[in-house]
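Dear colleague,

I am handing over the structure below, together with an account of what was found in it. Please read the notes that follow with the coordinates open beside them.

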Amino acid sequence: SESNNLTQQDKIEVSNYLTHADIASLIGSTRQTVTTLINRMEEDGVLLFDRKQIVIPSLAQLKRYEFAS
């Protein structure tokens, strides 16, 4: 379908070597906060994060994503 093609066209895959603690240190946050946000984004389907790779299935979806407090 057309929407599947769009999703594939704006998919981003990046090699990952960072832990949640590394990311927290880079952005001036805590590991707990980074873990909470990554988990929420994974549950919402806007991010896939593992030890080897970070995948954003749809950049357009990520751009529309809002963090609820």
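**Notes on the model**

The protein exposes about 5200 Å² of surface, and carbon and sulfur atoms supply 52% of that area. Please keep in mind throughout that this is a predicted model. Of the 69 residues in the protein, 25% are buried, and among the contacts between residues at least 6 apart in sequence, 49% join residues that are at least 24 apart.

**Secondary structure and sheet**

The secondary structure amounts to four helices and three strands, which follow the pattern α-β-α-α-β-β-α when read along the sequence. The three strands form an open sheet with the order 1-3-2, and the pairing in this sheet is antiparallel. Strand 1 (12–15) and strand 2 (48–49) stand at the edges with a single partner strand each, so one side of each of them has no neighbour in the sheet.

Taking the two pairings in turn, strand 1 and strand 3 run antiparallel and are joined by four bridges, with Ile 12 having Ile 56 of strand 3 as its bridge partner. Strand 2 and strand 3 (residues 53–56) also pair in the antiparallel sense, in this case over two bridges, and here Phe 49 has Ile 54 of strand 3 as its bridge partner. The connection between strand 2 and strand 3 is a hairpin, which passes through three residues.

**The nonpolar core**

The largest nonpolar core comprises ten residues, namely Ile 23, Ala 24, Val 34, Ile 38, Met 41, Val 46, Leu 47, Phe 49, Ile 56 and Tyr 65. The elements that contribute two or more residues to this core are helix 2 (20–27) and helix 3 (31–43), and helix 3 gives the most, with three residues. Two members of the core, Ile 38 and Tyr 65, are worth following individually.

Once its neighbours within four places in sequence are left aside, Ile 38 is in contact with His 20, Ile 23, Leu 47 and Phe 49. Among these partners, Ile 23, Leu 47 and Phe 49 are themselves listed in the core.

Tyr 65 is found in the segment after helix 4 (59–64). Is this residue, Tyr 65, buried or exposed? Tyr 65 counts as buried because its relative accessibility is 16%, and the cut-off for a buried residue is under 20%. Not counting residues up to four places away in sequence, Tyr 65 touches Arg 40, Met 41, Asp 44 and Val 46. Of these, Asp 44 is 21 residues from Tyr 65 in sequence, while the two lie 9.0 Å apart in space, C-alpha to C-alpha.

**The largest pocket**

The largest pocket has a volume of about 280 Å³. It is lined by 14 residues, of which Ile 23, Val 34, Ile 38, Met 41 and Leu 47 are the closest to its centre; these five residues also appear in the list of core residues given above. Helix 2, helix 3 and strand 3 each supply at least two residues of the lining, and the largest share, five residues, comes from helix 3. Helix 3 is thus named twice in these notes, once as the element that gives the most to the core and once as the source of the largest share of the pocket lining.

With best wishes

Notes: Residues numbered from 1 in each chain as written. Predicted model: local features only at pLDDT ≥ 70, side-chain atom pairs only at ≥ 80, totals over all residues. Heavy atoms only, no water. Pairing = 2+ DSSP bridges. Buried < 20%, exposed > 50% of the residue type's maximum accessible area, 1.4 Å probe, protein only. Contact = heavy atoms within 4.5 Å. Areas by Shrake-Rupley, 256 points an atom, 1.4 Å probe, with all protein chains shown as cover. Core = buried A, V, L, I, M, F, W, Y, C linked by side-chain atoms within 4.5 Å. 1 Å grid on protein atoms, 1.4 Å probe; cavity = no way out; pocket = protein on both sides within 12 Å on 5 of 7 lines; lining within 4 Å. Points joined across faces, edges and corners; volume = space filled by probe spheres on them.
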